[in-house]
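Student: Got a minute to walk me through this model? I'd like to know what to look at.
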Amino acid sequence: MTHKSGVMRQSSRLKTKKMKLFDVYPINNITITRARGSYLWDEAGQQYLDMYGGHAVISIGHTHPHFVSRITNQLRQVAFYSNSIHIPIQQELADKLGKVTGKEEFQLFLCNSGAEANENAMKLASFHTGRKKIVAFTKSFHGRTSLAVAVTDNPSIIAPVNETDNVVFLPFNDGDALNAYFNDHGHEVAAVIIEGIQGVGGINIADDLFLQKIRTLCTDYNSIFIADSVQCGYGRTGEFFSHDQAGVEADIYSMAKGMGNGFPVAGILIAPFLKPKYGMLGTTFGGNHLACAAALAVLEVIEEERLMENAKSTGNFLISRLKKIRGLNNVRGRGLMIGFDLGGDLKDLRKNLLFNQQVFTGESKPNTIRLLPSLALRKKEAEEFLESLEEEIQHMVSAHNMVKPA
Ligand code: PLP
């Protein structure tokens, strides 16, 4: 067999054999080909209402014209060069973020994903304190890289190599347990990491008193308070960082998801007393020109269109209406981060909403529906969702009653 024919044989095989894709999630049989604002369209032209934002990622609405033009213009100029040169658009982003968050004194480290942001936050806390212990909470989710997954309360996704005695899980919102742990081990604690509202864990809100206690204990023991704002941050709750609602400030805020409206960009905001040195934090792609253009576009739209106010008012509207719907239990949330639990009769509601009503929503096991739409969701789109929800619940309840034995 000549080299030439070997190459030919291989290329014809490539034509016929498809490479298997790893399924990150169970796949719904839908192919989205177009998106705008709060709507998506599939290849047959069917329209869907997006009440999930693709896991809380779509913050300013799909394909927002300002977002598209800012990224397109940047792409025509320069898409990437390494962090070894001046990248003025990074400073522009930092300035804008300082203005929108009111945290001008903090410094910004840019990276690419939520897990990476948390990983760097915890690493920095350990460098700063010289300590190893991290306190995390039950039902937490902080990502899938080594330390981020180790502080995630889900043993099934922690590989043996990521198991560590450096992490302790305490009960969420239990101030006494936290006090007791700090009494015994406070001087070993590098950081406490907490979501302001747990997302994957099922939309569980951290109590103001609990966040205040974390602040006090971290200050007393020189530990670092890390506010994981990957899902609950970036304006989603009506506050830029949901933790700040408790009237306390964290030492590090991690950000991702809504930061780029779909463009992969993430970062941490670092309090001024923390002084990372060269080499402690690093990245190839983090802070690239295109990612900064995307992140700037998002902040500009959030400001210009007053999307945090919209998240608060549309969120309040949705929550108050959802509370009136029979069959939905424990409606909770803040702004456009909303959850409710389903009774047994409605266990297929999420699937039915998608395939019968063409509405995307999210879930948390075992029985919670999560709503994480774009912060630009309009009141009439919220009303449209409520109508679809009520209609579907009605169908499901009638169908259930019909098959119930007399
Ligand atoms: N932290 C929280 C609160 C999250 O919800 C997630 C993702 O769902 C992460 C971290 C990890 O983010 P990423 O998937 O971008 O690594």
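Tutor: Sure, we'll go through the ligand, a helix pair, the domains and two backbone details.

Tutor: One caution up front: this is a predicted model, where local features need pLDDT of at least 70, side-chain atom pairs count only at pLDDT 80 or more, and totals for chains, interfaces and linings use all residues. Residues are numbered from 1 along each chain as its sequence is written.

Student: OK, how many residues surround the ligand, and which are the closest?
Tutor: There are 14 around the ligand, and the closest are Gly114, Ala115, Gly143, Val230 and Gln231. A residue counts as near if its C-beta atom, placed from the backbone, lies within 6 Å of the molecule.

Student: Which helix gives the most to that shell?
Tutor: Helix α5, residues 114–129, with three residues. Helices here are DSSP runs of H or I with at least four residues, strands are E runs of at least two, and both are numbered from the N terminus.

Student: And how does the shell divide into nonpolar, polar and charged?
Tutor: Five nonpolar, seven polar and two charged. Ala, Val, Leu, Ile, Met, Phe, Trp, Tyr, Cys and Pro count as nonpolar, Asp, Glu, Lys and Arg as charged, and the others, Gly among them, as polar.

Student: Switching topic: at what angle do α4 and α9 pack?
Tutor: Helix α4 (88–101) and helix α9 (289–304) pack at about 25°, with their axes 9 Å apart. The axes are lines fitted to C-alpha atoms over the stretch in contact, and angles run from 0 to 180 degrees between N-to-C directions. So α4 is roughly parallel to α9, a label for angles under 35 degrees.

Student: Which residues of the two make the contact?
Tutor: Among them are Leu93, Leu97 and Val100 of α4, and Ala295, Leu296 and Leu299 of α9. Contact needs C-beta atoms, placed from the backbone, within 7 Å. That contact divides into ten nonpolar, two polar and three charged residues.

Student: What about domains, where do they run?
Tutor: The domain assignment, which is automatic or from a database, gives domain 1 as 65–304 and domain 2 as 306–403. Their C-alpha centres lie 28 Å apart. The contact takes 15 residues from domain 1 and 17 from domain 2.

Student: Which peptide bond is cis?
Tutor: The one from Lys365 to Pro366, with omega near 5°. Pro366 lies in the loop between β16 (362–364) and β17 (368–371).

Student: And what is phi of Ile203 near?
Tutor: Near 60°, a positive value in a residue other than glycine. Ile203 is in the loop between β8 (197–198) and β9 (204–205).

Methods
Angles under 35 degrees count as roughly parallel, over 145 as roughly antiparallel, 65 to 115 as roughly perpendicular and the rest as oblique.
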